[in-house]
Structures are given as structure tokens and as C-alpha cells.
Amino acid sequence: AYCQTTPGLGGFFLGFGGDVLLHQHFGFGAEANLQPAKGDYGPMQFRQSFYDFNGIYAPVNRKKIQLQLQGGIGEAKTSFSYTQTSCVGTAVCTNQSQAVGNASHFQIHAGLGVQFFITEHMFIRPQFDLHYVPNLTQQFGSNSVIGGSVWLGYSFGDRP
């Protein structure tokens, strides 16, 4: 009788990743992006995460700049929980969070980033990402998730 709208998928994500260029222009990598804070999903809370393994093509790989095209596959996972607050009077209150399930989906990832080297090895990489997740419409109303990120990293080895 009381329907609540579900949220859109947005907000701050925290990312971790690494990549290896086996040749000056080709390599592979992996990324994990997750929401550090829970969002409201009707009467429950949710946390979204994306994990992917990518092939990398770097058509431009210079001393101070690198263009990266990424493509790969992975998993999109939505975890659901329920939080209950109990109080004794006004002095003592507790919050209890209980996991109630999750939904995992196959995903296809595509990324485009430009890596700027601020020192010999330190870089900053603004990146545009597209995650195509079949059946994500069951949780968020769309199969496509578009995002932008800024990576701060360290490159081992010599630059061209």
C-alpha cells in the first residue's frame, strides 16, 4: 500500500586499481570502485560496488602524458541492509545494521583517461567510465552507469 521510489545510482565512489603496460602501448589492469557510505533505498540502505578487469591500449605514451583506452568485464554488486535504532529513554541509543541480501550482475566496462605526469613517476588521470550492467534496471532503472573519476597514482619503471 505504501510504495516508495528507489534512488538513482550516483554519489561519491572510492576507487582502487592498478595496471601494467607489457609493451609501450598495450597492457592490462584491474579496478574496484565502491561507495564508502550507504545510501537510502526505500526503507533499507544500499552500497554499490564495481569490479573489473581491463585490457589497456595507450595510443599516446609520452614522457609527460599518456592516453588510455580501457575495456573489460567484471561484476556490479549491490548490497542491501536494514538499520534499526533502539533507545532507552533519551540517554542510551543503539543502531543495529543487518545485511538482508545482495544482487550481483555481470558488467562490461569501458574507460577513457588522460594521464598527466606531475613528476617522473607521480601522475593524475581524469577518466570517463561507462559500465553496462544487464538487469541493473531491477535495482536502479537503467542498465548504463556513467561516471567520472580522478586517479592519483605512481608509475614504476622508466617512461618513454
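A salt bridge here is a side-chain nitrogen of Lys or Arg within 4 Å of a carboxyl oxygen of Asp or Glu. By that rule the structure holds 2 salt bridges.

Some ground rules before the tour. This is a predicted model, where local features need pLDDT of at least 70 and side-chain atom pairs count only at pLDDT 80 or more, while totals for chains, interfaces and linings use all residues. Residues are numbered from 1 along each chain as its sequence is written, and side-chain values use heavy atoms, with hydrogens and water left out.

**The salt bridges**

The table lists the pairs and their closest N and O atoms.

| Acidic residue | Basic residue | Closest N and O atoms |
|---|---|---|
| Aspartate 19 | Arginine 125 | 3.7 Å |
| Glutamate 120 | Lysine 63 | 3.2 Å |

Let's take the aspartate 19 pair to begin with. Aspartate 19 sits in strand β1 (residues 14–21) and arginine 125 in strand β7 (residues 122–132), so this salt bridge links distant parts of the chain, 106 residues apart. Helices (H or I, at least four residues) and strands (E, at least two) are DSSP runs, numbered from the N terminus. What about accessibility? Buried means under 20% relative accessible area, exposed over 50%, and partly exposed in between, using a 1.4 Å probe and protein chains only. Aspartate 19 is partly exposed at 32%, whereas arginine 125 is buried at 4%.

Now for the other pair. Glutamate 120 is in the loop between β6 (92–117) and β7, and lysine 63 is in the loop between β4 and β5, so their salt bridge ties together parts that are 57 residues apart in sequence. Glutamate 120 is partly exposed, with a relative accessibility of 41%, and lysine 63 is partly exposed with a relative accessible area of 41%.

**Aromatic pairs and the core**

Rings of Phe, Tyr and Trp (its six-membered ring) pair if their centres lie within 6.5 Å; planes under 30 degrees apart count as stacked, over 60 as edge-to-face and the rest as tilted. That rule gives 8 aromatic pairs. One of them joins tyrosine 41 to phenylalanine 46: the ring centres are 5.9 Å apart and the planes are at 70 degrees, so the pair is edge-to-face. Tyrosine 41 is buried at 10% relative accessibility, and phenylalanine 46 is buried at 5%.

Tyrosine 41 also pairs with phenylalanine 80, and with centres 5.1 Å apart and planes at 65 degrees this pair is edge-to-face, too. Tyrosine 41 belongs to strand β3 (residues 39–41) and phenylalanine 80 to strand β5 (residues 65–88), so the pair ties together parts that are 39 residues apart in sequence. Both tyrosine 41 and phenylalanine 80 are buried. Add Phe140, and you have one aromatic cluster of Tyr41, Phe46, Phe80 and Phe140.

Which residues make up the largest nonpolar core? There are 9 residues in all: Tyr41, Phe46, Phe50, Ala76, Phe80, Val133, Leu136, Phe140 and Val145. β4 (44–61) and β5 are the elements that give two or more residues to this core. A nonpolar core, in this sense, is a set of buried Ala, Val, Leu, Ile, Met, Phe, Trp, Tyr and Cys residues joined through side-chain atoms within 4.5 Å.

Contact means heavy atoms within 4.5 Å. Leaving aside neighbours within four places in sequence, phenylalanine 140 is in contact with Pro7, Gly8, Leu9, Tyr41, Phe46, Gln48 and Thr78.

**Out on the surface**

Phe26, Tyr57, Leu69, Leu112, Phe128, Leu130 and Ile146 make a nonpolar surface patch of about 650 Å². Patches are made of residues with over 30% relative accessible area and no salt bridge, with like charges joined within 9 Å and nonpolar side chains (Val, Leu, Ile, Met, Phe, Trp, Tyr) within 5 Å. Areas come from the Shrake-Rupley method with a 1.4 Å probe; for residues, only the protein chains shown count as cover. Leucine 69 is found in strand β5 and is partly exposed at 35%.

**A few single residues**

Tyrosine 82 lies in strand β5 and is partly exposed, with a relative accessible area of 39%. Not counting residues up to four places away in sequence, tyrosine 82 touches Pro43, Gln45, Gln96, Ser97, Gln98 and Val100.

Isoleucine 118, in the loop between β6 and β7, is exposed at 52% relative accessibility.

Finally, asparagine 135 is not a glycine, yet has a positive phi of about 75 degrees. Asparagine 135 is in the loop between β7 and α1 (137–140).
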